[in-house]
Amino acid sequence: MIKNYLKIAWRNLVHNRVSSMINIGGLAVGMAVAMLIGLWIWDEVSFDKGYPNRDRIAKVMDNSYINGETQTWGSSAWPLAPGLRSNFGNYFKHVIITSWTGGHLLTYNNKTVTQSGNYMEPAITDMLSVKMLKGSAKSLNDPASIILSQAAAKAVFGDADPINKSIVIDKTLNAKVTGIYENLPEHSSFGDLAFIAPWQMLAISQNYPGQFNNPWGASWFQTFVQIADNADMAQVSAKIKDLKLKALKSLHNNDARYHSQLFLHPMNKWYLYGDFKNGFNVGGRIQYVWLFGIIGVFVLLLACINFMNLSTARSEKRAREVGIRKAIGSVRSQLIAQFYSESLLIAVMAFFLSLLFVQLAIPGFNYLANKKMEILWGSPVFWLAGLAFSLFTGLIAGSYPALYLSSFRPVKVLKGTFKVGKLAAIPRKVLVVVQFTVSVVLIIGTIVVFQQIQFAKDRPVGYSTNNLLNVNLQTPDLNKQYLSLKNDLLASGAVVNVSESESIITGVYITNGGFKWRGKDPAVQEQFNSMAVTSDFGKTVNWKIIAGRDFNPAFPSDTLAFIVNEAAAKLLGFKNPIGEIIDWGGDANLKVIGVVKDMVNQSVFETPKPSLFYLPRHWTNLANINLKINPLANAHTAMDKIKVLLKKYDPSGSYTIKFMDDDYALKFDDEERIGKLATCFAGLAIFISCLGLFGMATFMAEKRTKEIGVRKVLGATIFNLWQLLSKDFVMLVIISVLIASPIAYYFMHSWLQGYQYHTEINGWIFVIAAIGAMIITLLTVSYQSIKAALANPVKSLKTE
């Protein structure tokens, strides 16, 4: 019986080639989109799954009430880890303090390479289940040791055995290689950890005294924990919440300004649930997982709707077959099985065609999504999932046609009195409306995403990234020779301004508190972004002074001065802050000498934070040299001169160079990637919808051939006939636009509320989407409409 079902199904496919190609092609595209999105979602949700202890690992986070709002921080002070061990040791298997993973110079003999690594306490190897290939993880108890990943060992030593060989970290710290570990899972939070050096090495080196001199006030580090096997994450998080607050109040005589609440952020939420607002987790990348998951389901649904529409539209042609089968004894269940076998055959054929589409599309998709995904050809799970996927798609696509066609009454069919009435077309019209509603929602959503990106790009930056170059220093070699380097650079004519700064202008990451000023509310805990700079910094980045003056090397007193941005001036509360005195932690009284326009130096989608700029009086790690390239010089020639001079003063090349306009552009990376992916999926959704429209238009033109012939004989023009055949589809699209517009507005308005700095949804977006949908519809149906209108009426009427 099954063989007979499949044979008849194959004959029907061959007999109706156009509709079969539309069904198989449309389903294949829909399934390919669903598979690509499925691969992307799997890649997202599998992040950090390579660690066996993943469910018991957490990062200690801090909710602090600062500048009138609750802010969530992932950095911590070094006393936090010892405090957790001494006060709550029974709840933890491991408590580990680490620095931040970043690029470091590893030097062996005369060879220097940059590798990403971290200073960590030894128990990190047990927490992350690090697999040692050579040596022992316990060797990290020696403050002069270091263990390398396979990749780092290969990069530094080549094929030589690195064990017990001495290397130098950042040209300052000597270490002996005591172990080699297997590369950590690349798709994880620690995937770039190429070496682990002992935390004690950093602590006793005193290379960065500012990080240790103010125990609870300098949050330069990270604290990770692994809770005990019998402990509950939520309960432990609740127990530790007041540890930092108690320490701060003890140090500052119960000062009411301090508000801090610690909590544990589990490892399984770091990647997908990394956004916090007012102290609460508000999601993160998980919103895109849901978004693209829903898009994948709807795109597949669009392809299924094509199958349903074309199958039911041709019901009159199948009606006699159904009548004869019922007359000779077929029961409805057998007819349902027959029609399901057709849909399953189409679904299986579409599945294998979709695999070809995915294989062809995946390199480009990986580029767009910044992923390294691939089809798991050798995985039995993949093929079982594919089979289930095909079965599910076939059942969904074939359900309505099977139930509808099998319900025909044989008496009416065989008497010739069976006619498909107008009501029978209503479900098909509803399905077309659903198709274009989804497509129009995607069109509007894509336009809003790109409008938001452009809105952020058009905002005032507050400085000029044009011809601005940053040299990030990994060692202090260039700092020590800064004045000589500066003079040579200016003399070369390659640059017009040179300055140093603590942070890169596009990414200020240092914050400070403990300030007092006239009229300040004693209950307010303030936080300012702060950056130590040299006096030429403002001229180099071309910031905009709106009150007061810039730093001037002719005034030695400027070492006791601040320049503040507009947001800081507002926080200070003075109508004119020039000349006001700010006490910084009792260390010094600094005078405000200037106000600059707000600058975008963190997220482009957030309002600027209050910021202070000052000239360093004590040791400060000015790890960035800023260069303004001479606009009159040839860019390539200027870069060559700059590189030669940098090499002269630091032959080892322990620095990285980047243009600030490129670095600023990276701030839009995630949103632009999402926008491009949404554009692709919206385009494919429209393509599938148009395939269905084309099939329906073909059927309608074929069904009304004689009517068209009669109308032509009676004098109807081609335009009249085109209008006749197109108006039904245009009305359906108009209905779709009316339904899609409020739906799209609701979801995109909610999405925009996640950004502090966001655009508004304007009416022209809906007009463009409506016009675009209308044009696409008319182009799709016009071919068949005009073809039918041009047909010779003699051929269509000669049998009458």
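A strand here is a DSSP run of E of at least two residues, and strands are numbered from the N terminus. With that in hand, strand β1 (residues 57–66) can be introduced: β1 gives three residues, the largest share, to the lining of the second largest cavity. Please keep in mind that you are looking at a predicted model.

## Enclosed spaces

Let us stay with that cavity for a moment. The second largest cavity holds about 50 Å³ of space. Its walls are formed by Val60, Met61, Asp62, Ser75, Ser76, Ala77, Leu80, Trp216, Ser219, Lys244 and Leu262. Sorted by class, this lining has six nonpolar, three polar and two charged residues.

How many cavities of 30 Å³ or more does the structure hold? There are three of them. The largest cavity contains about 70 Å³ of space. Around the largest cavity you will find Arg459, Met599, Val600, Asn601, Gln602, Ser603, Glu606, Thr607, Pro608 and Lys609. By class, three of these lining residues are nonpolar, four are polar and three are charged.

## An open space

Now for a pocket. The second largest pocket has a volume of about 950 Å³. It is lined by 34 residues, and the closest to its centre are Leu39, Trp40, Trp42, Asp43 and Met373. Which helices each supply at least two residues of this lining? They are α2 (17–45), α11 (332–369), α12 (380–405) and α21 (669–703). Of the contributors, α2 gives the most, with eight residues. In the lining of the second largest pocket, 18 residues are nonpolar, seven are polar and nine are charged.

## Helices that pack together

Two packed helices are described by the angle between their axes and the distance between the axes. Here are three pairs to find on the screen.

| Helix pair | Crossing angle | Axis distance |
|---|---|---|
| α14 and α24 | roughly 135° | within 10 Å |
| α14 and α23 | about 40° | 7 Å |
| α16 and α19 | roughly 155° | within 10 Å |

Start with helix α14 (residues 426–457) and helix α24 (residues 763–790), whose axes cross at roughly 135°. Are they oblique or roughly antiparallel? Angles over 145 degrees count as roughly antiparallel, and α14 and α24 are therefore oblique to each other. Their crossing is right-handed. On the α14 side, the contact uses Phe436, Val440, Ile443, Ile444, Ile447, Val448 and Gln451. These meet Trp764, Ile765, Phe766, Ile768, Ala769, Ala773 and Thr777 in α24. By class, the contact has twelve nonpolar, two polar and no charged residues.

The second pair also involves α14, this time with helix α23 (residues 718–752). Their axes lie 7 Å apart, at an angle of about 40°. Angles under 35 degrees count as roughly parallel, so α14 and α23 are oblique to each other. The crossing of α14 and α23 is right-handed. Sorted by class, this contact has 19 nonpolar, five polar and one charged residues.

The third pair is helix α16 (residues 482–492) and helix α19 (residues 635–649), crossing at roughly 155°. That angle makes α16 roughly antiparallel to α19, because angles over 145 degrees are counted that way. α16 passes α19 in a right-handed crossing. From α16, the contact is made by Ser484, Leu485, Asp488, Leu489 and Ser492. From α19, the partners are Lys641, Ile642, Leu645, Leu646, Lys648 and Tyr649. By class, six residues of the contact between α16 and α19 are nonpolar, two are polar and three are charged.

Conventions:
Residues are numbered from 1 along each chain as its sequence is written. This is a predicted model: local features need pLDDT of at least 70, side-chain atom pairs count only at pLDDT 80 or more; totals for chains, interfaces and linings use all residues. Side-chain values use heavy atoms; hydrogens and water are left out. Axes are lines fitted to C-alpha atoms, for helices over the stretch in contact, and angles run from 0 to 180 degrees between N-to-C directions. Helices (H or I, at least four residues) and strands (E, at least two) are DSSP runs, numbered from the N terminus. Angles under 35 degrees count as roughly parallel, over 145 as roughly antiparallel, 65 to 115 as roughly perpendicular and the rest as oblique. A crossing is left-handed if the near helix is turned anticlockwise from the far one by less than a right angle, and right-handed if clockwise. Contact means heavy atoms within 4.5 Å. Ala, Val, Leu, Ile, Met, Phe, Trp, Tyr, Cys and Pro count as nonpolar, Asp, Glu, Lys and Arg as charged, and the others, Gly among them, as polar. On a 1 Å grid over the protein atoms alone, a cavity is a set of points where a 1.4 Å probe fits but cannot get out, and a pocket is an open set with protein on both sides within 12 Å along at least five of seven lines; lining residues have an atom within 4 Å of a point. Grid points are joined across faces, edges and corners, and a volume is the space filled by probe spheres set on the points.
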